[in-house]
Amino acid sequence: MTTPILDVHQLRTWYPVRRGLLGRGAAWLRAVDDVTFTVMRGETLAIVGESGCGKSTLGRTILRFVEPTEGNVWLDGHRITEMSRVELRRLRRHMQVVFQDPASSLSPRMRVRDIIAEPLVNFGLAGDRAAVDARVADLLCQVGLPRSAAERYPHEFSGGQRQRIAIARALAPEPDLIICDEAVSALDTSSKAQIVNLLSDLQQRLGLALLFISHDLAVVEHIADRVAVMYLGKIVEIGERAALFEQPAHPYTRALLSAVLDPSPARRHARIMLRGEVPSPIDPPSGCRFRTRCPYAFDRCAAEEPELRERPNGQSAACHLDALPALS
Amino acid sequence: MIGYALRRTLLAIPVMGVVAVIVFSLLYFAPGDPALVIAGDTASAEDIARIRHSLHLDQDPAVRFASWVWQLLHGDFGTSIYSGEPVLHLIGQRAGATVGLMLLATLFAVTIGITLGILAARRKGGAWDRLLAGYGTLGFSLPPFVMAYILAFVFASTLHWLPVQGFQPISAGPGPFLRTAILPALSLGIVFSALIANVTRAAMIEAMGQDYVRTAIAKGVGERTILFRHALKNAAIPIVTVIGSGVPVLIGGTVVVEGIFVVPGIGGLMVDAILHRDYPVIQAVVLLSSLVYVLTNLIIDLSYTLLDPRIRY
């Protein structure tokens, strides 16, 4: 049980970009740049960061919807980078995905039954038609939808219900890992809470591992076991949720956390405002990528890129400072 | 759905009414007097007046329009001024060839267009995509009559694979019909197929970029199933729409192409009728072409409900 279900090692996804009129592949957009982490069985790792930081590309690269430029991904000990299309298709059974917008991730032309049954048939997981129907009904029940939903089309459901369908579909082949790419971000607050609870419920019952990609720290705090913070294609801090939320070791994490609204006014704290814009991932700053916006940046940050280092309370952060200055 | 179909059909009536008014007033706006054409150069003023009277050209336009519409509603399209035969009979003789040609052209266009469009969309910027870009430009830029001469030159005059003339109707058997109809149908179909291919490519690329296609990959679905079951089904509406909107292009094209390949169809009848100022024939052909177009649009609108379960009327 000590092999991680997902092992991502020095993964890079660079997109070629044109520059000027004729330039071709002259520059690279470093969407994911040297990312390493593992996810254990039954664990939830949240990947957080602002839009454009590469978290969605990371998810897509792991699923190989996008080909990695460098690095490796192992799923349950099988190296999925460098796997042939045919091998990969078989292995996809163990790794599923739930997208942000169920209105576009469920084909509007298919009935719910066919959407959920398709992976069962493809991976040869159900025998005859009756067995498929029974499994579809069972999956619908697991996500809290009535059996009758099977005969209807996705557009007949609300956003939260559609996301339940997407989850039922992802559960169908009994995967070990589900990648949730902003899976609750498009939902209103009450369905968001329901879907998050459904996911953690299912996870505990089925021993699923979740890679939960989100920009919503309030949701992440609720669902994640561990959290990885991304900035400009790199992980700047990764660690146990409690440690990271209590005592962030990277200035970016601290700034992100300060932006979360706490419902209790008594616990509201000073908001750390970051200066400037996110630099372009085509020309990232030298040294530490965060230095252009970091309130504590000093000479070394421009010259030397900080490695992820383990901190006293367990998490790892990529910052030259051993401890962040106290907030005034 | 049935209620919607009925309402749409009823709406076609005023449309056809407007078409009837325009078609009828052609007679008054167009230069040239049919009586003069019939009477010939040597006719006296008296002869011309007699011909005008026998054609009811001396009556009040409103009265003539009313009686024309009344006759139309009884299925009487009048008598050809030139040949003296009932118009409907003339059209009936020639409709088969034109309809056969148009159906074959549509079949070619849809097959070539959708296949090319899918192949191009499969790999954006790939070999098929670049081929389609060239084919699309060529297909758009070359009018059917140029295409007709090129095809006739290559396949008939040079290679002698197919005849240029001697059109055989489908009643003569599928073999002779195909042999003589392939070239005219291709001349019409290639232009049309370029249109369909471009729309198919765009709609497929859009569908392939959707999350439901990524979801399908995650489901372990094979490429063919993704293309046809997931993407093409969702791309169907723009494709069907462009097929429908191509029908008038086809109708216009047949007039020219029939002339080149000597197909005894409606196109030839129309050209002769225009040259002879044979108004009853012109009016009937224009009216029937409009009717075909209105009906095609109706069928396409109704087909949307079959193609997309989200569309309900």
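**Sheet, cores and chain contact in the predicted model**

In chain A, eight strands are arranged as an open sheet of mixed pairing, in the order S6-S7-S8-S3-S9-S10-S12-S11. The description refers throughout to a predicted model. The edges of the sheet are formed by strand S6 (95-98) and strand S11 (309-310) of chain A, each of which pairs on one side only. At the S6 edge, S6(A) runs parallel to strand S7 (residues 177-181) of chain A, to which four bridges join it, and Met95(A) stands opposite Leu177(A) in S7(A). Helix H10 (residues 251-258) of chain A packs on this sheet, where it touches strand S3 (44-48), strand S9 (226-231) and strand S10 (234-240) of chain A, and its direction makes about 105° with that of S9(A).

The largest nonpolar core comprises 144 residues, and those with the most contacts inside it are Leu177(A), Leu211(A), Phe212(A), Val229(A) and Ile239(B). Helix H8 (residues 174-208) of chain B supplies the largest share of this core, with 16 residues. When residues up to four places away in sequence are not counted, Phe212(A) touches Thr44(A), Leu45(A), Ala46(A), Cys180(A), Val220(A), Ile223(A) and Ala224(A). Another core, of 15 residues, lies apart from the largest one, and among its residues are Phe77(B), Val255(B), Ala273(B) and Tyr279(B).

In chain B, helix H11 (residues 247-261) and helix H12 (residues 266-275) pack at an angle of about 95°, with their axes 7 Å apart. Since angles of 65 to 115 degrees count as roughly perpendicular, H11(B) and H12(B) are therefore roughly perpendicular to each other. On the side of H11(B), the contact is made by Thr254(B), Val255(B), Glu258(B) and Gly259(B), while H12(B) contributes Gly267(B), Gly268(B), Met270(B) and Val271(B). By class, the residues in this contact of H11(B) with H12(B) are three nonpolar, four polar and one charged. Val255(B), which takes part in the helix contact, is also one of the residues of the 15-residue core.

The contact between the chains takes 21 residues from chain A and 16 residues from chain B. On the side of chain A that touches chain B, the elements giving two or more residues are S6, helix H3 (102-105) and helix H4 (112-122) of chain A, and H4(A) gives the most, with three residues. The residues on this side of chain A divide into nine nonpolar, six polar and six charged. S6(A) thus appears both as an edge strand of the sheet and among the elements of chain A that touch chain B.

How values were computed
Residues numbered from 1 in each chain as written. Chains lettered and ligands numbered in written order. Predicted model: local features only at pLDDT ≥ 70, side-chain atom pairs only at ≥ 80, totals over all residues. Axes fitted to C-alpha atoms, helices over the stretch in contact; angles between N-to-C directions. Parallel < 35°, antiparallel > 145°, perpendicular 65-115°, else oblique. Contact = placed C-beta atoms within 7 Å. Nonpolar A, V, L, I, M, F, W, Y, C, P; charged D, E, K, R; others polar. Pairing = 2+ DSSP bridges. Core = buried A, V, L, I, M, F, W, Y, C linked by C-beta atoms within 7 Å. Buried ≥ 20, exposed ≤ 12 C-beta atoms within 10 Å, placed from the backbone.
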